[in-house]
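Student: Hi! Could we go through this model together, cysteines to begin with and then a loop residue?

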Amino acid sequence: MCEIVFIDSAGREIRVQAQDGETLMAVAVRSGIDGIVAQCGGALACGTCHCYIEQPHLDRLPPPSEEEATMIEFVMEPAPNSRLSCQILASNVVDGMRVVVPDSQQ
């Protein structure tokens, strides 16, 4: 188990517990985090689970796959710390990670 801190568009912090191997997208949906739409259910086909990962955890993650990087090009307001939450697995590496949810996924 690890703790993930989601920060919504109003700046509120929501702390949730994640099981090892669970995607951040699944954690967000299960926890009712507004802003993680997850239309494709994690199939890497829509980008509606876009989020921003804060340091130092961003540097601890493996780099995005080519498919993820391509999908990020099409999200609203991509940034150097943009990731798709369906591609990040919960583990001790992400314990305490702060995940900023964008204002809009559309």
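Tutor: Sure, here is a chat about the cysteines and an aspartate. This is a predicted model, so local features need pLDDT of at least 70 and side-chain atom pairs count only at pLDDT 80 or more, while totals for chains, interfaces and linings use all residues. Residues are numbered from 1 along each chain as its sequence is written, and side-chain values use heavy atoms, with hydrogens and water left out.

Student: How many disulfides does the structure hold?

Tutor: It holds 0 disulfides, a disulfide being a pair of cysteine sulfur atoms within 2.5 Å.

Student: Why is there no bond for cysteine 49?

Tutor: The closest cysteine sulfur, in cysteine 86, is 3.7 Å from the sulfur of cysteine 49, which is too far for a bond.

Student: And is cysteine 49 buried or exposed?

Tutor: Cysteine 49 is buried, at 4% relative accessibility. Buried means under 20% relative accessible area, exposed over 50%, and partly exposed in between (1.4 Å probe, protein chains only). Cysteine 86 is buried too, with a relative accessible area of 9%.

Student: New topic: where is aspartate 8 found?

Tutor: Aspartate 8 is in the loop between strand 1 (2–7) and strand 2 (13–18); strands are DSSP runs of E, at least two residues, numbered from the N terminus. Aspartate 8 counts as buried, at 11% relative accessibility.

Student: Which side chain does the aspartate 8 side chain make a polar contact with?

Tutor: That of arginine 12, at 2.8 Å. A polar contact is a pair of N or O atoms within 3.5 Å; within protein, one must be able to donate a hydrogen and the other to accept it, and residues adjacent in sequence count only if both atoms are side-chain atoms.

How values were computed:
Helix = DSSP H or I, 4+ residues; strand = E, 2+ residues; numbered from the N terminus.
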